[in-house]
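Biologist: Please take a close look at the largest pocket of this model, and set it against the rest of the chain. How much space lies in the largest pocket, and which residues lie nearest its centre?

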Amino acid sequence: CILEAQVCCVERRQRKFTYDTAAWVPEGAWKWKTDHEWKDVPAQPSVLLDDGAGGALDIAEQPHAGGAFPKSVAMEAMKVNIEHAQAARVDDKNKILDFVCRQPGGFHDFNLKVRSLFAG
């Protein structure tokens with residue numbers, strides 16, 4: 001949600017704030033190597049947690065079986081552009097965009113901050 005992302009970025013300036021992003025890992029999304037063979041990763045939930053210190057924790061239900069936050073989701077998040085985001089109501093979108101553009105750095109800084117949550 002673009003509003004939640006904005007609140008997280010604004011809150012982050014004032015205090016530690018944790019931003020969590022969940023994603024589903026479909027079965028076979030990638031391969032992982034056991035001691036003897038390559039296997040399909042099993043379907044499982046995963047989450048990328050902001051550690052509050054500028055880093056992120058990659059947590060999956062079955063990390064021993066190749067589970068991790070999907071790189072494909074992170075790569076898509078790196079393309080975030082709030083100006084192209086959608087909201088359930090046009091009025092909501094306009095209020096959110098107006099709020100973001102009045103913040104220091106406006107849309108540009110917002111996009112960079114959201115993208116940085118998924119970088120590296």
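Modeller: The largest pocket holds about 420 Å³ of space, in what should be read throughout as a predicted model. Its lining is made up of 20 residues, and those that lie nearest the centre are Leu48, Ala56, Leu117, Phe118 and Ala119. Three elements each supply at least two residues of that lining, namely strand S4 (44–50), strand S5 (56–60) and helix H2 (71–77). Sorted by class, the lining has eleven nonpolar residues, together with five polar and four charged ones.

Some of the residues nearest the centre of the pocket, Leu48, Leu117 and Phe118 among them, also appear in the largest nonpolar core, whose eight residues include Leu48, Leu117 and Phe118 as well as Tyr19, Ala23, Phe69, Ala74 and Ala77. A second core, separate from that one, has six residues, including Ile82, Leu97, Val100 and Val114.

Val114 leads on to helix H4 (residues 106–116), where the buried residues are Gly106, Phe110, Asn111 and Val114. These four lie on the same side of H4, because the arc that they cover around the axis is only 130°. Leucine 112 is also found in helix H4, but with a relative accessible area of 42% it counts as partly exposed, because that value falls between the 20% limit for buried and the 50% limit for exposed. In space, the C-alpha atom of leucine 112 is 8.6 Å from that of valine 80, although the two residues are 32 apart in sequence.

Helix H2, one of the elements that supply the lining of the pocket, is also the place of serine 72. With a relative accessible area of 52%, serine 72 is exposed, since exposed means over 50%. The C-alpha atom of serine 72 is separated by 9.6 Å from that of alanine 29, a residue 43 positions away along the chain. Alanine 29 itself sits in the loop between strand S1 (20–25) and strand S2 (31–33), and is partly exposed, with a relative accessible area of 41%. A further C-alpha separation, of 8.3 Å, links alanine 29 to proline 42, which is 13 residues apart from it along the chain.

As for the chain that surrounds these details, its secondary structure comes to four helices and five strands, which follow the pattern α-β-β-β-β-β-α-α-α when read along the sequence. Of its 120 residues, 32% count as buried.

The confidence of the prediction belongs beside these descriptions. The mean pLDDT of the protein chain is 83, and 84% of its residues reach 70 or more. Among the elements, strand S3 (residues 38–40) has the highest mean pLDDT, at 93, whereas helix H1 (residues 2–14) has the lowest, at 53.

Key
Residues are numbered from 1 along each chain as its sequence is written. This is a predicted model: local features need pLDDT of at least 70, side-chain atom pairs count only at pLDDT 80 or more; totals for chains, interfaces and linings use all residues. Side-chain values use heavy atoms; hydrogens and water are left out. On a 1 Å grid over the protein atoms alone, a cavity is a set of points where a 1.4 Å probe fits but cannot get out, and a pocket is an open set with protein on both sides within 12 Å along at least five of seven lines; lining residues have an atom within 4 Å of a point. Grid points are joined across faces, edges and corners, and a volume is the space filled by probe spheres set on the points. Ala, Val, Leu, Ile, Met, Phe, Trp, Tyr, Cys and Pro count as nonpolar, Asp, Glu, Lys and Arg as charged, and the others, Gly among them, as polar. A nonpolar core is a set of buried Ala, Val, Leu, Ile, Met, Phe, Trp, Tyr and Cys residues joined through side-chain atoms within 4.5 Å. Buried means under 20% relative accessible area, exposed over 50%, partly exposed in between (1.4 Å probe, protein chains only). pLDDT is the predictor's confidence in each residue, from 0 to 100. The arc is that of the directions from the helix axis to the C-beta atoms.
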